[in-house]
Amino acid sequence: MNRLYKTIAPSVIDDEMLEEAVKKQGPSGRAGQIAQLEGIDFKDVHNLQLDYRNILKIDNLWRFKSLTKLQLDNNVIEKIEGLKTLTNLVWLDLSFNNIEMIEGVDELVKLEDLSLYSNRITNLENMNSLVNLQIFSIGKNHISKLETIIYLRRFKRLRTVNLAGNPICENERYSMYIPAYLPNLMYLDFRLIDKTTAAYVEYLNGPGLFNTMISEDPEAPKLLMLPGVPEFVEIYKSEFTNICQKLFDYGLKGFNMRETELEHFLECLGEAIEDNQQKGVKAIKEFEEKNKELFGELQHITDADNLETMIKNFREEIDQLWSKLMNLEMQLVDQLEETMRDFERNISEIVSTYVENVQALIAQCRDLENHHNENMLEIAMSSYDKMGKNEGDEEMPEELRALFIDKDTVINTVNASHDLHLLKIDNQEDKMVTRANGWAADMIDKLHTDEINRNRKRVLEINIYLSHWKDELDFLELQETT
C-alpha cells in the first residue's frame, strides 16, 4: 500500500465523494451557487479530479458519460477497472498507485494521454485498442526487458514515452535501442530524441568539427598570425565544412536505412509469432472442446477397466496435442531463423556500404588537411626565410617571433598542428564506423538472445499446460487405486 496511507482505511468512490469533487472543481461565486441549486448532472461533467483520496477500487463512475479527463493519481488502487463506460476519455492519470497489471482499458479508444507512473507493472499488454495513444508514462515501474518495448510499436501516433526509473533503463543499450524500436518517437524520458546522435553525426551539419580542430590546437593562434593564413584558412574551412555536411546527410541516410530494415524485420517477426500463436490457440481450443466434457465423465466412471482405457486414450490425446504444439514451435523456430539470416545479411550489407562511404568522405577530409598542411608549411618556411634575410615584419608579435628561432621549430610547430587535426578526423571516422559496426553486432546478438529466451518460455508454457492435464489424470488414477 502507498506509504502515505498506511494508517488510513481505504476510501470508496460513493456519491458523496463524487458530488464533493464535482462541486470543488466547478464554477465559484454566484455561478457556483446557481449550479448547486440546479443540481449536478454527472453526465455533463468533462473533468473529474479524484487524487489523494486513498481510493482502493475504481467504481461508481458509469454516469460520467461525457468525461474526457480523469485524475486518479496518488491513491492505493490495485486494479484498473470500472472504466468501460468512459468511452470519451482522452486523458487518464493513474500514477502513484499499486497497480500490477495493465488491463480494463479496452473501451478507451479515444485515449491520447495515459500515465501509469510509479506503480508495480512488469509488462506492457492489453492496450491494443488504444489506437490514438500519443503520450504514455510508465516510468518507475518494474519493466526489466528491452523486448517488452516492442509492444509499443503498434501505436502509430505515439510520440512521447517515459520509462525512467524502470530496471530496463540500467541496460547499457537502452538509449540506443528505444529509438530504434520506436522510430516515430519524439520524446523519451522527457528529452527530445536527437537522431543526429543515433546516426553518429553530431556537430557535422556545420563547421563544428573544423572549429574543434582549431580551438583545441595550441599552435593555431601562432600560425594564424602568418601573412595570408587567415584568408587561406577560411577557404579551407568552407571546403572542409562542405564535406562534413555530406557526412551529416549520409549519416542520417544510413540511420534511416538501418531503421527501415529493422522495422521491416520486427514486423515480420511479430506477424510470424502472432500467426503461430493463433494456430496454437486453435489447437488448444479444439482439444479442450473435445476433452473437457470427457474429463468430467471420467470422474464419474466406476468401472475400473473402462476408466483405465479412457484415461489411456486421454493421455494419447494429450501426447498428440503436445506433438502438435511442439511441431508448431519448431516450425516457428525454423521460420524465425531464416528471417534472422535475411536480416543479418541485409543489415550487414547496409552497414558495410555505410562504412565504405563514410571512409571515402573522411578520406576527402584528410586530403584537404594534407593540402592545408603543405600550404601552411610553405607559408611558414617562406616567412622564416624572409626573417633570415631581415625582410620580415618588424612589428611581428613576440609569440610569432619565437616560432622562427630555427627551421626545426617551424617545421615541428606546423607538423604538431597537422597531427592534431588528423587525430580529430581519425576520431570522427572511428566514432562513425565503430558505432555503426557495434550497433549491428549488438543488435544481431540481442535478437538471437531474445529468440532463445522466447523459445524456452514457449516450450515451458506448453509443458506446464499439458502437465496440468496429466496431473489431473494421475489424481484420478490415484483415487481409483485407493
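The lining of the largest pocket in this predicted model is a mixed bag: 19 of its residues are nonpolar, 13 are polar and 17 are charged. In total, 49 residues line the largest pocket, and its volume comes to about 1,800 Å³. If you want to look into the middle of it, go to Glu147, Tyr151, Arg154, Ile273 and Gln277, which lie nearest the centre. Which helices should you follow to trace the walls? At least two lining residues come from each of α7 (229-298), α8 (304-388) and α10 (407-481). Of these, α7 is the one to start with, since the largest share of the lining, 14 residues, belongs to it.

Those helices turn up again once you move to the nonpolar interior. The largest nonpolar core takes in 113 residues, and Leu61, Phe136 and Leu152 have the most contacts inside it. Two or more core residues are given by each of α1 (15-24), α3 (174-181), α5 (208-215), α7, α8, α9 (398-403) and α10. Here α8 makes the largest contribution, with 17 residues. As a general backdrop, nonpolar side chains in soluble globular proteins tend to be buried together.

Leu152 is a good place to zoom in. Leaving aside residues up to four places away in sequence, Leu152 touches Leu124, Met127, Phe136, Leu158, Val161 and Leu182. There is also a second, separate core of 21 residues, with Phe287, Met310, Met326 and Leu328 among them.

Now hop over to helix α10, where you'll find Val410. Is Val410 buried or exposed? Val410 counts as buried, because its relative accessibility is 0%, and the cut-off for buried is under 20%. Around it, again skipping residues up to four places away in sequence, Val410 touches Ala380, Met381, Tyr384, Leu403 and Phe404. Val410 also illustrates how the fold brings together distant parts of the chain: Leu223 is 187 residues away from it in sequence, yet their C-alpha atoms are 9.8 Å apart in space.

Finally, turn to the strands. Eight of them make up an open sheet with mixed pairing, in the order β1-β2-β3-β4-β5-β6-β7-β8. At the edges sit β1 (47-49) and β8 (191-192), each of which pairs on one side only. What holds β1 to β2 (residues 69-71)? Three bridges join them, and the two strands run parallel. To see one of these partnerships, start from Asn47 and look across to Lys69, its bridge partner in β2.

Key:
Residues are numbered from 1 along each chain as its sequence is written. This is a predicted model: local features need pLDDT of at least 70, side-chain atom pairs count only at pLDDT 80 or more; totals for chains, interfaces and linings use all residues. Side-chain values use heavy atoms; hydrogens and water are left out. Two strands pair if DSSP finds at least two bridges between them. Helices (H or I, at least four residues) and strands (E, at least two) are DSSP runs, numbered from the N terminus. On a 1 Å grid over the protein atoms alone, a cavity is a set of points where a 1.4 Å probe fits but cannot get out, and a pocket is an open set with protein on both sides within 12 Å along at least five of seven lines; lining residues have an atom within 4 Å of a point. Grid points are joined across faces, edges and corners, and a volume is the space filled by probe spheres set on the points. Ala, Val, Leu, Ile, Met, Phe, Trp, Tyr, Cys and Pro count as nonpolar, Asp, Glu, Lys and Arg as charged, and the others, Gly among them, as polar. A nonpolar core is a set of buried Ala, Val, Leu, Ile, Met, Phe, Trp, Tyr and Cys residues joined through side-chain atoms within 4.5 Å. Buried means under 20% relative accessible area, exposed over 50%, partly exposed in between (1.4 Å probe, protein chains only). Contact means heavy atoms within 4.5 Å.
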